[in-house]
Every structure is written in structure tokens, then in C-alpha cells.
Amino acid sequence: MKKLAFYSKQVSKSISKKLASLEITYSDIAIQLFFVIVVIALLFNINTAFTKGQDNIRRIQEEEQRLDDIYAENKRLRELEKYFSSVEFRRTYARDSWNLAEEGETLYYIQRPPELEIEFLQKNEDPILLRDNLYWWKRLIFGS
């Protein structure tokens with residue numbers, strides 16, 4: 001243990017002699033520390049700018065997709081507007097909604113039942129098997 005303490009004192013003395021010959025002052029250490037802090041801050045700002053740039057690119061792509069969808073919807077609505085303003089649609093709408101006819105035409109009104117009734121078949125408790133040859137021969141020969 002004594003030897004270890006002796007060697008550590010010798011090492012610290014030699015380091016102090018070498019540092020004394022280098023003449024490092026507290027201002028040098030402070031300047032180096034300042035530059036390290038500036039570099040860390042710049043790296044943090046670069047990382048933040050890169051991340052925000054990626055978010056902005058993603059948002060721009062989403063907005064471009066929404067804009068394309070809006071353009072497609074606008075095109076579809078313009079085509080519908082052209083159809084609704086056409087003479088054919090007006091004639092069809094007047095005939096169907098207001099029962100109007102052109103000169104010389106006669107309109108007939110067909111009254112249809114409001115709903116068709118669906119009749120459900122009752123469940124057969126005694127099903128007929130298609131592979132039951134005896135049943136089919138009896139029906140063929142004897143009827144019923």
C-alpha cells in the first residue's frame with residue numbers, strides 16, 4: 001500500500017512538472033470549454049433543423065396529395081355541373097318530377113304496387129335426397 005501511495009505521488013509530481021512546462025492556464029481551459037459547448041449547440045441545432053425539415057417534407061407531401069384530391073373532386077363536380085345544366089337533364093327532370101310533356105306527347109301514369117312481397121318457403125322437415133334412387137323410381141313408375 002505504501003508503495004502504491006509513493007508511486008501515485010511520483011506520477012502526480014511528473015504530471016505537474018509537464019503541465020508547468022506546457023503553461024496551461026485557466027483561460028485556455030475556459031476557451032476550450034466554450035468551443036466544446038458551441039460545437040455541441042451547433043450539432044443540436046443541426047439535428048433539430050434536419051428533423052423539422054423531414055417533418056416539413058412529410059407535411060408538404062400530404063398537402064400535395066390533398067391538393068390532388070381536391071383537383072380531382074373539382075373536375076368531377078364541373079362535369080356534374082355541365083350535366084345538370086344540359087338540356088337533356090332538364091327534359092328528363094321535368095318529365096320525371098313535374099310530369100311535363102312536350103307538345104304532341106301523351107304521358108301515361110303507371111301505378112305500381114309500393115313493395116313486392118316476398119313469400120318465404122316453409123322449412124321442409126322431410127328432405128328428399130337426390131341419391132335416394134328408390135324414391136325417384138317410385139315417383140317415375142307410380143306418379144305422385
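I began in helix α3 (residues 87-98), where phenylalanine 89 and tyrosine 93 stand four residues apart and are therefore separated by about one helical turn. I note at the outset that I am reading a predicted model.

Aromatic contacts. I searched the whole structure for aromatic pairs and obtained six. For the pair of phenylalanine 89 and tyrosine 93, I read a distance of 5.8 Å between the ring centres and an angle of 25° between the planes, so I entered the pair as stacked, the cut-off for that label being planes under 30 degrees apart. I then looked up how these two residues are grouped, and found Phe89 and Tyr93 in one aromatic cluster with Tyr83 and Phe84. Is tyrosine 93 buried or exposed? I found neither label to apply, because its relative accessibility is 41% and it counts as partly exposed.

Overall form. I counted four helices and zero strands in the secondary structure of the chain, and along the sequence I read the pattern α-α-α-α. The radius of gyration came out at 48 Å, well over the 15 Å that the globule rule gives for 144 residues, so I recorded the chain as more spread out than a compact globule. Along the principal axes, I have the C-alpha trace spanning about 125 × 70 × 20 Å. Of the 144 residues, 1% count as buried, and the chain exposes about 15,300 Å², with carbon and sulfur atoms supplying 61% of that area.

Helix α2 and its nonpolar patch. I next turned to isoleucine 31, which I located in helix α2 (residues 26-84). Its relative accessible area is 43%, so I listed isoleucine 31 as partly exposed. Which residues form a nonpolar patch on the surface with Ile31? I found Phe34, Phe35, Val38 and Leu42, and the patch, Ile31 included, has about 480 Å² of accessible area together. I also checked the UniProt record, an unreviewed entry, which places the feature "transmembrane region" at residues 29-50. Over residues 29-50 I read 100% helix and 0% strand in the model, with the end C-alpha atoms 32 Å apart.

Helix α4. How many of the ten residues of helix α4 (residues 133-142) are buried? I found the number to be zero, so I noted that helix α4 lies largely in the open. After α4 comes glycine 143, for which I read a positive phi, near 80°.

Technical notes
Residues numbered from 1 in each chain as written. Predicted model: local features only at pLDDT ≥ 70, side-chain atom pairs only at ≥ 80, totals over all residues. Heavy atoms only, no water. Patch = residues over 30% accessible without salt bridge, like charges linked within 9 Å, V, L, I, M, F, W, Y side chains within 5 Å. Areas by Shrake-Rupley, 256 points an atom, 1.4 Å probe, with all protein chains shown as cover. Salt bridge = Lys/Arg side-chain N within 4 Å of Asp/Glu carboxyl O. Helix = DSSP H or I, 4+ residues; strand = E, 2+ residues; numbered from the N terminus. Buried < 20%, exposed > 50% of the residue type's maximum accessible area, 1.4 Å probe, protein only. UniProt positions renumbered as here; feature names shortened; annotations may be inferred. Rg over C-alpha atoms; globule rule 2.2 N^0.38 Å. Phe/Tyr/Trp six-rings, centres within 6.5 Å; stacked < 30°, edge-to-face > 60°.
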